[in-house]
Amino acid sequence: MLANGFDSILSLVTFLVFTGFAIAAFAFAATAREDAYRAADKQTKKFWLILLGVNLLLNLLLPMLFLQIAGLIAAIVFMVDVRPALRQVTGGGGRRGGGSSSDGPYGPYNGGR
């Protein structure tokens with residue numbers, strides 16, 4: 001009885017994590033510009049939207065573990081390889097200018113030298 005409860009909780013957590021990651025990857029793929037994919041020398045935006053969209057639909061409609069793992073691999077490839085390349089091409093990032101953490105408002109800080 002305890003094993004059944006643990007199994008259902010584990011499958012629910014797996015479903016939520018995989019689906020949440022698929023939603024995040026699809027959202028990032030949808031918001032990037034089409035020309036950024038070409039400039040970053042990656043597959044097209046349409047390719048990634050179809051791949052990640054099918055992954056998301058399979059997670060929602062047919063939650064089978066091997067399909068979820070295959071979709072998770074596609075989402076990880078997008079988030080680890082494609083998304084950083086797109087951010088580098090478009091100049092996006094956490095900082096305004098994309099410079100180093102020691103940059104001040106008028107350029108790099110050199111410690112008074």
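**Exercise 1: Contacts along the chain**

Among contacts between residues at least 6 apart in sequence, what percentage join residues at least 24 apart?

Solution. Keep in mind that you're working with a predicted model. Take the contacts in the protein between residues at least 6 apart in sequence; of these, 63% join residues at least 24 apart. Now for the layout: the protein has 4 helices and 2 strands, and from the N terminus on they run α-α-α-α-β-β. As for burial, 23% of the 113 residues count as buried.

**Exercise 2: The core**

Find the largest nonpolar core and work out which elements supply it.

Solution.
- Step 1. Count the residues: this core has 14 of them.
- Step 2. Look for the ones with the most contacts inside the core, which are Ala25, Tyr37, Trp48, Leu52, Phe78, Val82 and Leu86.
- Step 3. Turn to the elements: α1 (2-31), α2 (34-39), α3 (45-61) and α4 (65-90) each give two or more residues to this core.
- Step 4. Pick out the biggest giver: α4 provides the largest share, 6 residues.
- Step 5. Fit this to a general idea: in soluble globular proteins, nonpolar side chains tend to be buried together.
- Step 6. Zoom in on Trp48. If you skip its neighbours within four places in sequence, Trp48 is in contact with Tyr37, Gln43, Gly53, Ala74, Val77, Phe78 and Val82.

**Exercise 3: The two sides of α3**

Check the span of α3, then sort some of its residues into buried and exposed.

Solution.
- Step 1. Start with the span. α3 has 17 residues, so at 1.5 Å a residue it should span 24 Å. The end C-alpha atoms of α3 are 24 Å apart, which agrees.
- Step 2. List the buried residues of α3: Lys45, Trp48, Leu52, Gly53, Asn55, Leu56 and Asn59.
- Step 3. See where they point. These residues cover an arc of only 160° around the axis, so they sit on the same side of α3.
- Step 4. Go round to the other side of α3, where Lys46, Ile50 and Leu61 are exposed.

**Exercise 4: Salt bridges**

Locate the salt bridges and say how exposed their partners are.

Solution.
- Step 1. The count comes to 3 salt bridges. In general, side chains of opposite charge can pair when their charged atoms come close.
- Step 2. Asp35 pairs with Arg33, and the closest N and O atoms are 3.0 Å apart. With 34% relative accessibility, Asp35 counts as partly exposed; Arg33, at 46%, counts as partly exposed too.
- Step 3. Arg38 meets Glu34 at 3.7 Å, N to O. Both lie in helix α2, 4 residues apart, about one turn of the helix. Arg38 counts as exposed because its relative accessibility is 56%, and exposed means over 50%. Glu34 has 32%, so Glu34 counts as partly exposed.
- Step 4. Lys42 meets Asp81 at 3.1 Å, N to O. Lys42 is in the loop between α2 and α3, while Asp81 is in helix α4, so this pair ties together parts that are 39 residues apart in sequence. Lys42 is partly exposed at 27%, and Asp81 counts as partly exposed at 38%.

**Exercise 5: One threonine**

What does the side chain of Thr14 reach at 2.8 Å?

Solution. First place the residue: Thr14 is found in helix α1. Next follow the side chain of Thr14, which reaches the backbone oxygen of Leu10 at 2.8 Å. Last, leave out residues up to four places away in sequence, and you'll see that Thr14 touches Leu65 and Gln68.

Methods
Residues numbered from 1 in each chain as written. Predicted model: local features only at pLDDT ≥ 70, side-chain atom pairs only at ≥ 80, totals over all residues. Heavy atoms only, no water. Core = buried A, V, L, I, M, F, W, Y, C linked by side-chain atoms within 4.5 Å. Buried < 20%, exposed > 50% of the residue type's maximum accessible area, 1.4 Å probe, protein only. Contact = heavy atoms within 4.5 Å. Expected span 1.5 Å × (residues − 1). Arc of directions from axis to C-beta. Salt bridge = Lys/Arg side-chain N within 4 Å of Asp/Glu carboxyl O. Polar contact = N/O pair within 3.5 Å; in protein donor to acceptor, adjacent residues only side chain to side chain.
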